[in-house]
Amino acid sequence: MTVLFVNAAFRENSRTYALAQQYLSTLTDEIETVNLGEEDIHPLQKASLEKYCKNSREHDFGDAMYRYAKQFAEADEILIAAPFWNFGLPAVLHDYLELVCTQGLTFDLDKVGEYYSLCQAKKLVLIMTAGGYVPENDCAISYIRTLCKEFWKINDVRYYYADGIDLVGTDMNAKLEAVVKQYGNTQK
């Protein structure tokens with residue numbers, strides 16, 4: 001089995017990255033890592049979007065921009081580590097997911113317009129930290145859950161986060177340790 005670790009927590013001394021490493025240490029699978037801080041990922045703009053749409057229609061996926069979708073489709077489990085920024089995901093993660101959502105590689109449409117998955121993964125884990133509080137219905141996890149449900153048909157979506165860790169008087173270590181304890185309670 002292969003776990004794809006999508007690292008959007010690439011700042012020095014990232015607490016999110018540390019939590020992700022502790023999660024990965026509980027696994028025995030092969031781990032492939034995409035460090036988004038080192039990748040040359042850009043949002044789809046006019047020229048790249050036209051190429052992306054044309055290639056998708058023609059099922060021509062030889063361009064390097066499709067390597068993320070191919071890798072994602074072949075993984076057995078996905079782990080995403082991302083700080084909670086401005087009530088959402090870091091822009092580079094959103095741009096990465098835009099490239100992963102490639103019709104013909106990670107999902108497709110049947111004759112009646114229903115999405116079906118081309119991904120192997122049955123489980124996706126999102127690990128986040130936030131200096132402030134994460135709202136009850138935050139848009140970051142909602143976005144990830146929608147992609148999993150609609151495009152990739154990944155039903156086992158898990159969300160682990162430590163929030164409020166930069167607030168005065170907060171025991172940050174206790175909050176981080178509580179997240180690590182959740183891993184043990186939910187691992188299969």
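**Exercise 1. Place T2 in the fold: is T2 buried or exposed, and what does T2 touch?**

Step 1. Start with accessibility: T2 has a relative accessible area of 16%, so T2 is buried. The cut-offs are under 20% relative accessible area for buried, over 50% for exposed, and partly exposed in between, with a 1.4 Å probe and protein chains only.

Step 2. Next, find the element: T2 sits in strand β1, residues 2-7. Strands here are DSSP runs of E with at least two residues, helices are runs of H or I with at least four, and both are numbered from the N terminus.

Step 3. Now list the partners. Setting aside neighbours within four places in sequence, T2 is in contact with E30, E32, A75, D76 and E77. Contact means heavy atoms within 4.5 Å.

A note before going on: this is a predicted model, in which local features need pLDDT of at least 70, side-chain atom pairs count only at pLDDT 80 or more, and totals for chains, interfaces and linings use all residues. Residues are numbered from 1 along each chain as its sequence is written, and side-chain values use heavy atoms, with hydrogens and water left out.

**Exercise 2. Work out how many disulfides the structure holds, and why C53 and C139 do not form one.**

Step 1. Recall the chemistry: a disulfide covalently bonds the sulfur atoms of two cysteines. The criterion used here is a pair of cysteine sulfur atoms within 2.5 Å.

Step 2. Apply the criterion to the whole structure, and the search returns zero disulfides.

Step 3. Check C53. The closest cysteine sulfur belongs to C101 and is 13 Å from that of C53, too far for a bond. C53 is partly exposed, at 33% relative accessibility.

Step 4. Check C139. Its closest cysteine sulfur, in C148, is 15 Å away, which is again too far for a bond. C139 is partly exposed too, with a relative accessible area of 47%.

**Exercise 3. Describe the aromatic pairs: how many are there, and which geometry do F61 and Y66 adopt?**

Step 1. Set the rule. Rings of Phe, Tyr and Trp (its six-membered ring) pair if their centres lie within 6.5 Å; planes under 30 degrees apart are stacked, over 60 edge-to-face, and the rest tilted.

Step 2. Count: the whole structure contains 13 aromatic pairs.

Step 3. Take F61 and Y66. Their ring centres are 5.2 Å apart and their planes meet at 75°, so this pair is edge-to-face. Both residues are buried.

Step 4. Turn to Y68 and Y96. With centres 5.5 Å apart and planes at 70°, this pair is edge-to-face as well. Y68 lies in helix α3 (residues 67-74) and Y96 in helix α4 (residues 91-100), so the pair ties together parts that are 28 residues apart in sequence. Y68 and Y96 are both buried.

Step 5. Finish with a group: Y23, Y160 and Y183 make up one aromatic cluster.

**Exercise 4. Characterise the largest pocket: how much space lies in it, and which residues are closest to its centre?**

Step 1. Read the volume, which is about 300 Å³.

Step 2. Name the lining. There are 21 lining residues, and R11, P83, W85, T129 and G131 are the closest to the centre of the pocket. On a 1 Å grid over the protein atoms alone, a pocket is an open set of points where a 1.4 Å probe fits, with protein on both sides within 12 Å along at least five of seven lines; lining residues have an atom within 4 Å of a point. Points are joined across faces, edges and corners, and the volume is the space filled by probe spheres set on them.

Step 3. Sort the lining by character: 10 residues are nonpolar, seven polar and four charged. Nonpolar covers Ala, Val, Leu, Ile, Met, Phe, Trp, Tyr, Cys and Pro; charged covers Asp, Glu, Lys and Arg; the others, Gly among them, are polar.

**Exercise 5. Look at the backbone of N13 and K153: where do these residues lie?**

Step 1. N13 is not a glycine, yet has a positive phi of about 60°. N13 is in the loop between β1 and α1 (15-24), and is exposed at 68% relative accessibility.

Step 2. K153, also not a glycine, has a positive phi of about 55°. K153 belongs to the loop between α5 (139-152) and β7 (156-162), and is partly exposed at 35%.
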